Structure formats: structure tokens, C-alpha cells
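Reader: Could you walk me through how to read aromatic contacts in a model? I would like the general idea, then the case at hand.

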Amino acid sequence: MTPKTDEIARELVGRFTGGTLPLFFERGRTASGFLVERLNADGAPVESGFHRVMLLGRQLHTYSIWGRRLQHAGYWAMAGDLVDQLSGPFRDMDGGGWFARIDPEGKPSDTDKDLYAHAFVLFGLGSWIAAGGDMQAPHVRDLLDEGHRMMTDAFQRPDGSFSECLDRGGRDLAGERVEQNPHMHLLEACLLLLETTGEARWRALAEDVLALFEKGFYRPDPPVLFEHLRRDLTPDPFKGRSVEPGHHAEWAWLLTCASTLLARDDLHHSAEILLEAAIVRGWNASDGGLVDEIDAENSEILAPTRRLWPTLELAKALAGREKPVEGIGQSQVLSHLLDHRLSADGTWSERLGVDALTIADPTMPASSLYHLSMAMLAITADQETATFGI
């Protein structure tokens, strides 16, 4: 990074560690210790009536990693509490895996099993282990084994794809539908667990997801990452043309990690193509940020709003690059985040409208801490840091 870009990166990280993390640590939990789904613009909790295990997995990542990095005993203790919740109210001891949601009293309110959420359970556990949590503790080994069993014995179909949702009895609720996004996060979890544990079972699962990526999620010419597919991995006839530049950038970063961890140079080429496509087709030239949705075939903007996470994913994908991609480099992306997204007090603008002055969503979803955390890790990584920056 240039000295100016490095200065912006330090300011962003300072706002995150000095403002965002303390705010959610102090106000992001209920009296019972469950996580609050979002805060309003003033930092007050917004009542939701439920608590998601997906959010728990994301926050387990955040407070594990930054608890270690900042030597913050409170963050680390909170991470330990979240591990205990995975063993407690969220776990389905009879049906296996984890409930999608519990109510404020800690009782299951949605007993379906969600692939996206289970991927984040594994990712959170991998982050906790990477930060120094005891992988050999009996309850942690049990959770990892349960997560792996759910993926291979419950979610994975005979054709190699994974159902996005099961009922408590294990029935596939997704039917003929295949969604790219939960598969991407399963790959992310498997790569992190491979890096932290060295266990071959995570490599095998990662390769299964990459096979789906190569077979149907990704089309190299013209380049596109499909979001919504059918079981034969062709685009869904109704929703298949809607794609997200943010996921193009997120896959670009993940494929770069996979190229290193799996010793597969071919993945690096696909990463470069997707990153370029994200910028060419999704970057807002007026005041920055990636748009939310575009048309896969003609690049028409379908959703001109700009959520925070796609631009954070672009910052991750561009981290460490000396040269811009299609004229957009780390300096422009970080400047946009500093000027328009992450305020000095650690609060942020979750979704911008057609210009940077229009706030389309004034609240702060707690799930965005994961994206902020990962971007801050990426922009401060050096050559000695592990692949995931942890």
C-alpha cells in the first residue's frame, strides 16, 4: 500500500476497534446473553423477537479473533459464551445440527436446518480455534464432528450439491433449487478449518464445493457467478439472471485462498476474472461502492442500492495488490469506506441509495460485523499472516 492508503487503512481499523466493537459488545446482547440482531442509528437495540444461530457463528468469529488481537478479556469471554450456546439452546440434541432460530426465552422457534447457518457455525468454530481456543476440548470436538456429519450425511445430496434447507426430520425443503451463496460460505468454513486443523476431511468438502463452482456456479466467458440455479446447475429460469457483484468479489478472494491452501494454480485465474467482472460491472463510478444486483447477461443494474458488505468484500479482494484492477485500487475503495460508510464513532451506513447522501437503511445489522472484521483483517495482513489473515 502507498503511505496514504496505509494511513486510511489504519484509520478504518481504528474506527472499527475503537468504536464498532465496543458498541456491539456493550449493546449487542440481551440480558439473557443472546445476541441482538441489529442496532438503530443511535446505537439502541432493535427488538426482533428471535435470535439466529447464523449470527452467533459470525459473532463467534468476530469476538474470537479480535479478543486475541486486542488482548481483550471481555471479547474472549464472550466468544467462550457463544461456544457454550452452540452446545446448549441452539443445538438439536435429538434431530442433529442446530436450530435456525430460538426465541427470547431460548426455545426453538424455527426448527429447520439452514445450510448457510451451519456453514457459519463451522466458520465460527474455526475462528475460535485459530484464535487459540482448545480444539481438543471434548465439547469442541463434538461440535466439529456434528457439523461435519450434518454436511456430509444430511445436507449433501447424491448429485454432490447441498440442500439449502432441511426440516427437523432431514427432508430436503429446497426441492430442485440450488443456491450459490450458502455453498460459498461452506467453502469458506472448510478452508479455514483446513488451515487451522490440517484435517483432510475439510479439504475433501472444500473440493466438493469447488467442483460445483466449476460445473455451474461460474461461467468464464462472458464471466458471471450465478446465484440461483436448478439441480442440473443451469440458471433458474425466473431468478437466474440476477447476480451480485459483491459475491463476485467474495469468490475472488476465496479462490485466491483456495489456490494457496489446496495448491491449485488454476483457481487463481478464475479469481482474477471474477474480480475484474465485479469492478467493471458493479462499481458505482459517481461516488463509489458496488451496486447490489445486476443482470447476468446485459449488465443492466437491477438494484442500484449499495449495501456495505459488497464493498468490504472488494476491499478484501484488492488487499495487497500493488496495481489497480480496471482502474480501481485499494485507495479508492478504502477512501469510499472512510468517507461514506464507517463513521469516526464506529457506526456505519448499511445501505446507500442512488447517491452517497441517501441512506436506504438507517439500522446496523449485527451480521455486518463479520464483513467488517474480515475486511479489517485483510487490509492489515502482511506476508507473515496466515491465509485468512487470522
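Reader: Let's start with Trp253 and Phe388: are they buried or exposed?

Author: Trp253 and Phe388 are both buried (under 20% relative accessible area, with over 50% called exposed and partly exposed in between, using a 1.4 Å probe and protein chains only). This is a predicted model, where local features need pLDDT of at least 70, side-chain atom pairs count only at pLDDT 80 or more, and totals for chains, interfaces and linings use all residues. Residues are numbered from 1 along each chain as its sequence is written, and side-chain values use heavy atoms, leaving out hydrogens and water.

Reader: Which charged end sits over the ring of Trp253?

Author: That of Lys316, 3.9 Å from the ring centre. The criterion is NZ of Lys or CZ of Arg within 6 Å of the ring centre and within 35 degrees of the ring normal. Arg101 likewise lies over the face of Phe50, 3.9 Å from the ring centre.

Reader: And how many aromatic pairs does the structure hold?

Author: A pair of aromatic rings is described by the distance of the centres and the angle of the planes. There are 13 such pairs here; rings of Phe, Tyr and Trp (its six-membered ring) pair if their centres lie within 6.5 Å, with planes under 30 degrees apart stacked, over 60 edge-to-face and the rest tilted. One of them joins Phe123 and Tyr370, edge-to-face at 5.8 Å centre to centre and 90° between the planes.

Reader: Which residues do ring pairs link into a cluster?

Author: Tyr116, Phe120, Phe123 and Tyr370. Of these, Phe123 and Tyr370 are both buried.
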